[in-house]
Amino acid sequence: MDGTVFDPAGGTGGPTSAGLMLRARALWRRKWVVLGVAVVVAALSAVYTLRQPKVFSASTSLIIDVTAPRFLDGEVKEVMGEERSNYWFNKEYYATQSEIITSRAVASRVVDKLGLSTDASYLGVAHLSDEKARVQAMQGADAVGLLQSRIRVLPAKDSRVMNIAVDDLDAARAALLANEVANAYMAENLALKLRMTDDARSWLESRLEDLENTSKASELAVYDFKKDADMLSTSLESRMSIVSDRINSYNLNLTQVSTRIAALQARVEAIQKLRKASPDDETWAEALPGAKDGPIQDLRKSYTDARVACAELSERYLAEHPKLLECQGKLAVIQADFLKSLRNVVRLAETELSEAEAQRKNLVKLLDEAKAEAFQVNKKSIEYDRLKRESDNNQRLYELVLKRLKDIELSGLLRTSNVRILDPARPQFAPVKPHVKRNLMVGLVLGLLAGLGAALLLDLLANTVASQEDVEGRLGLAFLGVMPRIEGNRPPKDRDLFVHREPKSSVAECCRAIRTNLLFMSPDTPFKTLVVTSSGPQEGKSTTTISLGVAMAQSGNRVLLLDTDMRRPRLHRAFGVPNDLGISSLVVGEGTLEAAVKSTEVPGLFLLPCGPLPPNPAELLHTRAFADLLKQVAGKFDRVLLDSPPLNAVADAAVLATQADGVVLVLKAGKTNRDSAQRALRSLADVQARMYGAVLNDVDLKAPGYGGTYIAYQGYGQYAEDPKDRVAQS
């Protein structure tokens, strides 16, 4: 597998199967924590359960009907007698009854009846030997609340049966309390019914008196109105009928008169037309229909005869003849009478027209007066109907309240209840609490859960890299191998060269395994230059660099160690060589490479020290001269290992990573913080460095968490270590 450019998001995925496996392995490593917490919690649960006093329970079963038995007629309704047939109404009703059973009112009845407020055994203060202290404790105790806490209501499924269970430390007293609670509940139900009946009766009595006064007042108002409207002898309906008849008669007469006026008016207009046509001849009236009557015709005939006679005499006599004068006088009298009769015919027509018009005017006036009277009667009828309706409503309301009051008085005499006892409670001498087996099982389960929680919490709090799973799963790096802890007390030089001086130790074998893994990372294009770094100081990167160099030199390669930690160089002390000439000198052009490279006691392993400490290490490593130096040593040696400063401390390691073939990250087991390691990896990802993997350093192979995983490194055959040779690695 080739080294790859590290992706800092690669190891931060969601809850995948690999992540779950990591959690499972973390829990397995802390299995003794889980078991220990489970045992402790189970033991505490057992101790708590066994120390609890024994509690006994007894129950009374009741049958609760929605309504009480009816002994009165169905028309007599009780105050609390509402019928319920709906499922939800019934459910709400029985839930309400459960609340009443466990109410303080019911408990108070039981406490008062049995004198529980002065019962030291019931109140749990009988163990007090001091009489004063016992009395004081009894006074401060809430006997009612204590009984409430011990009452349980257990409805039977799909029935009207309810079980009232009471818990107590005494079996006989538990049965007594259950029965008394049932009786108190029945008494409370009946008392509630009677209280509501009394309240309803009191309210209805007060309302009845008000309604009676109101009804009387409304009846008197109707009487006064009838008296004022003169309705005592004739009703408004009769008066309205009479007025209506008059209006109809006036309308009929008015129609007839209007028709007659039209005819008379036409006659008068005809007379006026004839008068205009013959203004000089007063005999024009002869054309009128009335002129043909008998008397006028007689006068006309006399007038005609007189004229004929006068005409004959005028032919016979002279104008002054007495007979002629007599005849003319008679003719003038007859003519005057005739004309007077004609004028009377005209005057009669005009008089009849005037009379008809006057008659119509009087009829209109009478009709208006009748209409006004009708409106007045209607108005009085409306007012009367209002007063009558109000009086009837008041009377009806009064009768309704009176009837309801009589019903309530009658129902209040009944002492029926919708609750009856089915089975009274009997003492049960088998305790219901504590549940030993159940509590132990619950304690064990809770203990296991608490242990798992504690293990997970420890795993979350231990935010360090401690295993291969952490390297691969949480950091997303290739795992190159482990460097076991060097036990014992050794000098720093012996600790650094432990692989060389103890080639058969497990540390040397682990180092050779890391060397093999590195070589197989890119078998076709093996690396020449490799940066060995860490996220922070004191994580063993220098010791790991030396150990890897020794392992590679033992395989026949010419290996050069470059001490590029120009802030705290340490490799020259490990090999005991001077540091006066080194990398910093060669970069600035002082000295030669041959003079600067030092041989070591390990065959094939060479060292190029840091040299004098420069003031600007990062800039120095970033120069072209250092790049040329790196290419030069890569051409002269098979492998070049660069011991660099920590990544999170300075930028030197990131600069070196851009110039080398790859990078190896050293992580100290149980010490390196995962967040710190991820920050270091992000720094390498920012410069596109090629990561070969990580080495887990300072691993205690004897620790329980590593015994199964790295058992192969603990010693096999000739590679077994002598315990006295193990040295602690700092």
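Is Arg-152 buried, partly exposed or exposed? I looked up Arg-152 and noted a relative accessibility of 32%, so I recorded this residue as partly exposed. I remind myself that the model is a predicted one.

**Entry 1: salt bridges near the strands β3 and β4**

I followed the side chain of Arg-152 and found that it meets the side chain of Asp-167 in a salt bridge, at 2.9 Å from N to O. The pair links distant parts of the chain, with Arg-152 in strand β3 (residues 151-155) and Asp-167 in strand β4 (residues 161-168), 15 residues apart. I then checked the partner: Asp-167 has a relative accessibility of 8%, and because buried means under 20%, I entered Asp-167 as buried. As background, I noted that side chains of opposite charge can pair when their charged atoms come close. I also looked up a network of salt bridges, which links Asp-119, Arg-150, Asp-168 and Arg-173. For the whole structure I wrote down a total of 23 salt bridges.

**Entry 2: a salt bridge inside one helix**

I turned to helix α11 (residues 322-412), where both Arg-386 and Glu-390 lie. Their side chains meet in a salt bridge of 3.6 Å, N to O. The two residues are four apart in sequence, about one turn of the helix. I read a relative accessible area of 37% for Arg-386, which is therefore partly exposed. Glu-390 is partly exposed as well, with a relative accessible area of 37%.

**Entry 3: Lys-541 and strand β11**

Next I examined the salt bridge between the side chains of Lys-541 and Asp-643, at 3.2 Å from N to O. Lys-541 belongs to helix α17 (residues 541-554) and Asp-643 to strand β11 (residues 639-643), so this pair ties together parts that are 102 residues apart in sequence. I recorded both Lys-541 and Asp-643 as buried.

How many of the residues of β11 are buried? I counted five of the five, so the strand is largely enclosed by the rest of the structure. On one side I listed Arg-639, Leu-641 and Asp-643, and on the other Val-640 and Leu-642; with these residues all buried, both faces of β11 are covered. This arrangement may be read beside a general point: in a regular strand the side chains alternate between the two faces of the sheet.

I then looked for the strands that pair with β11. Strand β7 (residues 529-534) pairs with β11 in the parallel sense over four bridges. Here the bridge partner of Val-532 in β11 is Asp-643. Strand β8 (residues 559-563) also pairs with β11 in the parallel sense, over five bridges. For Leu-561, I found that the bridge partner in β11 is Leu-641.

**Entry 4: helix α4**

Which residues of helix α4 (residues 104-114) are buried? I listed Val-106, Ala-107, Val-110 and Val-111. Seen down the axis of α4, these buried residues fall within an arc of 135°, so they line one face of the helix. On the face turned away from the buried side, I found the exposed residues Asp-112 and Lys-113. Just after α4, I noted that Gly-115 takes a positive phi of about 65°.

**Entry 5: Gln-97 in helix α3**

I located Gln-97 in helix α3 (residues 87-101). Its relative accessibility is 6%, which is why I counted Gln-97 as buried. Leaving aside neighbours within four places in sequence, I recorded contacts of Gln-97 with Ile-64, Tyr-185 and Asn-189.

**Entry 6: a nonpolar patch and helix α12**

On the surface I looked up a nonpolar patch formed by Val-442, Val-445, Leu-446, Leu-449 and Leu-452, with about 410 Å² of accessible area together. One of these residues, Leu-452, lies in helix α12 (residues 436-461). At 33% relative accessibility, I entered Leu-452 as partly exposed. In the loop between β5 (419-423) and α12 I found Pro-434. The peptide bond from Lys-433 to Pro-434 is cis, with omega near -5°.

**Entry 7: positive phi outside glycine**

I noted that Gln-688, a residue other than glycine, has a positive phi near 60°. Gln-688 is in the loop between α24 (674-686) and β13 (690-699). At 55% relative accessibility, Gln-688 counts as exposed. Asp-698 likewise is not glycine and has a positive phi, near 60°. Asp-698 lies in strand β13 and is buried, with a relative accessible area of 6%.

How values were computed. Residues are numbered from 1 along each chain as its sequence is written. This is a predicted model: local features need pLDDT of at least 70, side-chain atom pairs count only at pLDDT 80 or more; totals for chains, interfaces and linings use all residues. Side-chain values use heavy atoms; hydrogens and water are left out. Buried means under 20% relative accessible area, exposed over 50%, partly exposed in between (1.4 Å probe, protein chains only). Contact means heavy atoms within 4.5 Å. Patches are made of residues with over 30% relative accessible area and no salt bridge: like charges are joined within 9 Å, nonpolar side chains (Val, Leu, Ile, Met, Phe, Trp, Tyr) within 5 Å. Accessible areas come from the Shrake-Rupley method with a 1.4 Å probe; for residues, only the protein chains shown count as cover. A salt bridge is a side-chain nitrogen of Lys or Arg within 4 Å of a carboxyl oxygen of Asp or Glu. The arc is that of the directions from the helix axis to the C-beta atoms. Two strands pair if DSSP finds at least two bridges between them.
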